[in-house]
Amino acid sequence: MAHELKEEEIQLVVFLLNQVEFACYIEHVREVLKKVKITPLPKMPQFVEGVVNLRGEVIPVIDLRKRFDLPVIENEGNRIIMVDVASNMFGLIVDTVEEVLRLDASKIQPPPSGLTGDSGKIIEGI
């Protein structure tokens, strides 16, 4: 009897940033919020917008446009993706959240070997 090998399927939350699609693993996403009041903090890197109080938990928020040196554009569609990575909770301001995508893990290719610095640390695949 032949056994079929089932490809590993992953789920990604797809979001837009400057009209380019990015994604993060759904297991890291706690929730998606409409833009809420963010309390600024002094002497933080320019891409750290501040903190939000989410049901009594104070969480830092990063503006990905600023982090990637893109022009900042405020719009009603902005969302904050609340992510939990290695027990660290933080929010990511994105232009819009598009969809939850199911994808065969073999379709993701490793990032180019030439990526260095922070980009090499945050890009897991293409």
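Visitor: How much surface does the chain expose, and what share of it do carbon and sulfur atoms supply?
Guide: The chain exposes about 8,900 Å², of which carbon and sulfur atoms supply 54%; please keep in mind that this is a predicted model.

Visitor: And what share of the residues is buried?
Guide: Of the 126 residues in the chain, 27% are buried.

Visitor: What's the secondary structure, read along the sequence?
Guide: The chain has 2 helices and 8 strands, and along the sequence they follow the pattern β-β-β-β-β-α-β-β-β-α.

Visitor: What part of the contacts with a separation of 6 or more comes from residues 24 or more positions apart?
Guide: Such pairs, 24 or more positions apart, account for 51% of the contacts in the chain that have a separation of 6 or more.

Visitor: Switching to N78, where is its place?
Guide: N78 lies in the loop between α1 (64-67) and β6 (79-85).

Visitor: Buried or exposed?
Guide: N78 counts as buried because its relative accessible area is 3%, and the cut-off for buried is under 20%.

Visitor: What does the side chain of N78 reach?
Guide: The N78 side chain reaches the backbone oxygen of V94 at 3.1 Å, and V94 is also listed among the contacts of N78 beyond four places in sequence, together with K34, K35, I73, I93 and D95.

Visitor: Back to the surface: which residues make the nonpolar patch?
Guide: V20, F22 and F68 make a nonpolar surface patch of about 220 Å²; of these, V20 is found in strand β2 (residues 20-25).

Visitor: Why does V20 count as partly exposed?
Guide: V20 counts as partly exposed because its relative accessibility is 41%, which falls between the 20% and 50% cut-offs.

Conventions: Residues numbered from 1 in each chain as written. Predicted model: local features only at pLDDT ≥ 70, side-chain atom pairs only at ≥ 80, totals over all residues. Heavy atoms only, no water. Helix = DSSP H or I, 4+ residues; strand = E, 2+ residues; numbered from the N terminus. Buried < 20%, exposed > 50% of the residue type's maximum accessible area, 1.4 Å probe, protein only. Polar contact = N/O pair within 3.5 Å; in protein donor to acceptor, adjacent residues only side chain to side chain. Contact = heavy atoms within 4.5 Å. Patch = residues over 30% accessible without salt bridge, like charges linked within 9 Å, V, L, I, M, F, W, Y side chains within 5 Å. Areas by Shrake-Rupley, 256 points an atom, 1.4 Å probe, with all protein chains shown as cover. Salt bridge = Lys/Arg side-chain N within 4 Å of Asp/Glu carboxyl O.
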